[in-house]
Amino acid sequence: MSLTNCRFYEEKFPEVDSYVMVNVKQIAEMGAYVKLLEYDNIDGMILLSELSRRRIRSIQKLIRIGRNEVVIVLRVDKEKGYIDLSKRRVSPEDVTKCEERYNKSKAVHSIMRHVAEATQTPLETLYSQIGWPLDRKYGHSHDAFKIAITNPDVWNETEFPSEAVRKELMDYIGKKLTPHPTKVRADVEVTCFGYDGIDAVKEALRTAEEQNTPENQIKVKLVAPPLYVLTSQCLDKQIGIKMLEEAIKRIESKIKEVGGGCITKMAPKAVTEHDDAALQELMDKRERENMQVSGDESQSESDEGVPE
């Protein structure tokens with residue numbers, strides 16, 4: 001038994017009509033030779049007639065060496081080890097489902113390989129005693145691992161090969177699968193040209209933070225009047241987006257009471273570090289422009305953030 005090599009699933013061969021992820025190794029006259037990534041790289045072949053529904057002008061445009069492809073299993077000869085596959089019979093929906101399953105299985109495989117190496121336990125032993133029984137019970141061991149972070153009852157029927165395996169697996173799952181907060185952001189322009197316009201804008205922006213809880217908090221930052229940024233960090237992206245949408249409604253309602261307006265420049269969405277860097281660059285640029293315009297004058301009230 002190998003320490004680091006093993007198929008992802010209990011069955012040694014895929015079922016006919018199942019979708020599998022393959023890596024293209026060679027293109028020949030008859031079709032493409034591939035390796036089935038989820039089945040310990042056993043060989044398969046996509047026949048030329050099964051590459052595309054359209055007339056094939058160039059195989060290279062349809063399939064490339066080194067690329068991963070989702071295909072459907074047409075025939076399996078377990079004795080000879082022949083597996084015939086089709087790319088043309090796969091729909092975009094099938095691709096999405098197969099990719100989701102493959103990514104989950106790959107994450108589980110990465111965890112299992114780490115535990116195998118750390119505890120010197122054959123990979124197939126870990127799968128047969130831990131992974132595959134959890135697949136049967138929970139649909140996918142990845143789902144079971146995520147539940148186990150907060151509910152140790154998942155392990156009640158698991159017979160670990162050793163105490164070292166149990167400890168290493170639990171520690172590593174905690175590190176790899178504990179959800180990380182997602183940052184969500186929205187950009188709004190808030191204006192009020194009345195006599196107390198500046199105070200009215202500040203009052204309206206304060207309503208965004210009215211319903212903050214220790215777990216979910218919205219923060220308001222000034223970019224440059226009248227542009228403001230609303231941000232929140234939370235484990236559930238959808239909850240964060242909904243919170244910002246409701247906060248924008250509160251701002252709109254409050255500022256309209258005094259004849260002002262609120263325009264959403266960027267609807268609430270999850271943002272990346274790149275988005276944060278671009279925002280910071282914009283804020284720095286506006287700050288430099290303000291300093292050049294104001295010279296030695298003191299900063300006006302409207303250039304400050306929302307006071308406590």
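Visitor: Is W155 buried or exposed?
Guide: This is a predicted model, where local features need pLDDT of at least 70, side-chain atom pairs count only at pLDDT 80 or more, and totals for chains, interfaces and linings use all residues. Residues are numbered from 1 along each chain as its sequence is written, and side-chain values use heavy atoms, leaving out hydrogens and water. Buried means under 20% relative accessible area, exposed over 50% and partly exposed in between, with a 1.4 Å probe and protein chains only. W155 has 8% relative accessibility, so this residue counts as buried.

Visitor: What kind of aromatic pair do W155 and F160 form?
Guide: Rings of Phe, Tyr and Trp (its six-membered ring) pair if their centres lie within 6.5 Å; planes under 30 degrees apart are stacked, over 60 edge-to-face, and the rest tilted. For W155 and F160 the centres are 5.6 Å apart and the planes make 50°, so by these cut-offs the pair is tilted.

Visitor: And what kind of pair do F8 and Y102 form?
Guide: Both F8 and Y102 are buried, and they sit 94 residues apart in the chain. Their rings are 6.3 Å centre to centre with 20° between the planes, which makes the pair stacked.

Visitor: Where does the largest nonpolar core lie?
Guide: A nonpolar core is a set of buried Ala, Val, Leu, Ile, Met, Phe, Trp, Tyr and Cys residues joined through side-chain atoms within 4.5 Å. The largest has 47 residues, and W155 is one of those that touch the most other members. Domain bounds come from an automatic or database domain assignment. Both domains give residues to this core, so it lies between domain 1 (18-89) and domain 2 (95-177).

Notes
Helix = DSSP H or I, 4+ residues; strand = E, 2+ residues; numbered from the N terminus.
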